[in-house]
Each structure stands twice: as structure tokens, then as C-alpha cells.
Amino acid sequence: MASSRAKKILSSALKAIVSVGGLAYIFWKVPFGEVCGHWTAHAFPWIGLILFCTVFSMIIQANRWRGLLLEEGKKIKFFTFYEYIALGYFFNNLLPSGFGGDAVKTIAFGKRFGNTANSVAAVAISRVMGLLAMFLCFFVMLPFVVTRYHIPAIYTGAVCGVALLSIFIIVAGLFSDKIKLPTALTSKIPFLLKLQNAFCIYRGYKKAFFLSGLDSIWLQISSITIHYAYFQAVGVPVDLATITVFMTITITVSMLPISINGIGLREGVNVSLFTGLLGIPADTVLAAALLGYIPMVFQAAQGGIFLCRPQKTTK
């Protein structure tokens, strides 16, 4: 127990070092004062668009989660799903992992409504479907970008690797009932059988599965629009194809469990791509990238409000 706790503390400390070190290095190279100079009144309309798309994305996520809960989801108010989506974002920005909020919101939702296994399966499938939609947009736009810029193979290789892993996870989940779990394991953790059944049930609900994929496409369109607005806000338009490809690379690299929610990595990759390949000044790229913290704070603030509200337990 003590050893496990020590490992977690050490892991969190190392992630903090990577994030703080990454930010310190990049702002040593690019003075923060130069970055701030790009934030002018011109950015306000674009920030408005960013916040609108942020709310739209959360609504779509709530709709996708509700749809994947099938008949059970229809019995629960739509706004409840939105609240738990916000709660997840609140903890995502506090825990040293972008997936921490998913665990918190899923467990809290399951305890309140008594369907933890189905909720876990729905959230897991939602997350993977979102990644697959992002990778689909990436591969559609990639031919329009590689003809103009030489993207390092390590970036495209990382995207391809995570895309294949995502496909494997979604297929393994849908056909998880074909895997015979050891009796010794299921007797100790009976929840595994419930989770296995919750995943494979979607083979019989193709419409719900398809609609979750459609929602994921809408989410990516919203995300691309948000990233497009970042550069418009600092007065440097970048075409949508380039935004899509570079956004996917940045998010993929940021998912590596070596920093706190990608902080420090995200900024470095953005400068590497937009400055190294497009020639946009690093201070401008950072000014655009740092606007990305606005929707994060906006999402977390909504989750904080929900967390402070008294909740009734539903049996």
C-alpha cells in the first residue's frame, strides 16, 4: 500500500516537473511579454465563438452519453448529463491525467442512478469514438497538408499508432463477451462481468452506436472551429486542413502520460509545428495556444458550480 502510494506521488511529481520544465523552457526562449502583446480587442469576437463552441461540444457529449445508455438514458433528464460532463472537466483540470475526470463523473453518475457498469461502458466508448472521429478527420485532411509541408514521421507515426490502438479497443469492447475471464478473477471482482456485458450489448444496438459516431464527428467539427478561432483571434489565419492535422498531432502527443494534462508538451508541439513548418513567429503561436486555457477554465467553472450544488440520490 505504502509502496503503491509512493509510486503515485513520484509519478505525479515527475509529470509536474515535465510540465513546469516545458513551460519554463519555452518562455525562456519566448518572453511572455511578447506573447501578451498579441492579445487585443480583436480577439473578443473569436473568444465568444470559442465559448459558444465549447457549450455546443458539451451538449453533444451529453447527448452522446445519454444515447449510449439506451433506454436507461431516456429516463434521466438531459441537463443531468450536461452537469456530469461539466463535473468531469472540473476534475480533469485538477487531476494529473486527462482521463481522471471521466472516472469521477462515471462513478458519481453510477452511484446516483445505479447503473455504474453501463455508464462506464458508455463513457469509455464515447471517449474512443471521439478519438476515432478525430483520426478520421486527420486522415481526410492529411493529403492536403503533406503536399505543402514536410511533417516529421514521428508525429504521423504516433497518430497512426494511437488510431490503431483505438480501433482495437473499440472492437475488443464490442466482442468482450467472447473472452472467458478467469473464475478466480471474476469471483474477486464481479463488476468485471457486468462491465463485459455492458460493452458487448452495443452489438445489438447499431443505431445508437452509429449515432454516437455521428455525434463524435460533430464534436470534431466544433473542436476544429475552436482551434481555427485561436489563430484568428491573434490575427494569423491558418487554413482548416492544416488546423485539423496539427490539432490531431498536438492532442495525440499531449495524451502521453508524462505531463499534467499535456501542459508543457502541448505548447512545445504547437511551436514545433506552426513555427517550424509554417514559419509563424513563436510568440504568436504561443499567444494562440494559450487561448486554449479559456475553454478549459470555462468548463471547469461550470463543473465547480455543479459540484457545489446539493445532489439527490436516485435509487
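A helix here is a DSSP run of H or I with at least four residues, and helices are numbered from the N terminus. With that in hand, let's look at the salt bridges of this predicted model.

A search of the whole structure turns up 3 salt bridges. In general, side chains of opposite charge can pair when their charged atoms come close. Here are the pairs, with their N to O distances:

| Basic residue | Acidic residue | N to O distance |
|---|---|---|
| lysine 74 | glutamate 71 | 3.3 Å |
| lysine 75 | glutamate 72 | 3.3 Å |
| arginine 148 | aspartate 239 | 3.3 Å |

Take the pair of lysine 74 and glutamate 71, whose side chains meet in a salt bridge. Both sit in helix H4 (residues 70-74), and because they are 3 residues apart there, about one helical turn separates them. Lysine 74 counts as exposed, since its relative accessibility of 58% lies over the 50% cut-off.

Next comes the salt bridge between glutamate 72 and lysine 75. Glutamate 72 is partly exposed at 34% relative accessible area, while lysine 75 is exposed at 63%.

What does the salt bridge between arginine 148 and aspartate 239 tie together? Arginine 148 belongs to the loop between helix H7 (116-146) and helix H8 (153-174), and aspartate 239 to the loop between helix H11 (206-233) and helix H12 (240-254), so this pair links parts that are 91 residues apart in sequence. As for accessibility, arginine 148 is partly exposed, with a relative accessible area of 42%, and aspartate 239 is partly exposed, at 31%.

Notes:
Residues are numbered from 1 along each chain as its sequence is written. This is a predicted model: local features need pLDDT of at least 70, side-chain atom pairs count only at pLDDT 80 or more; totals for chains, interfaces and linings use all residues. Side-chain values use heavy atoms; hydrogens and water are left out. A salt bridge is a side-chain nitrogen of Lys or Arg within 4 Å of a carboxyl oxygen of Asp or Glu. Helices (H or I, at least four residues) and strands (E, at least two) are DSSP runs, numbered from the N terminus. Buried means under 20% relative accessible area, exposed over 50%, partly exposed in between (1.4 Å probe, protein chains only).
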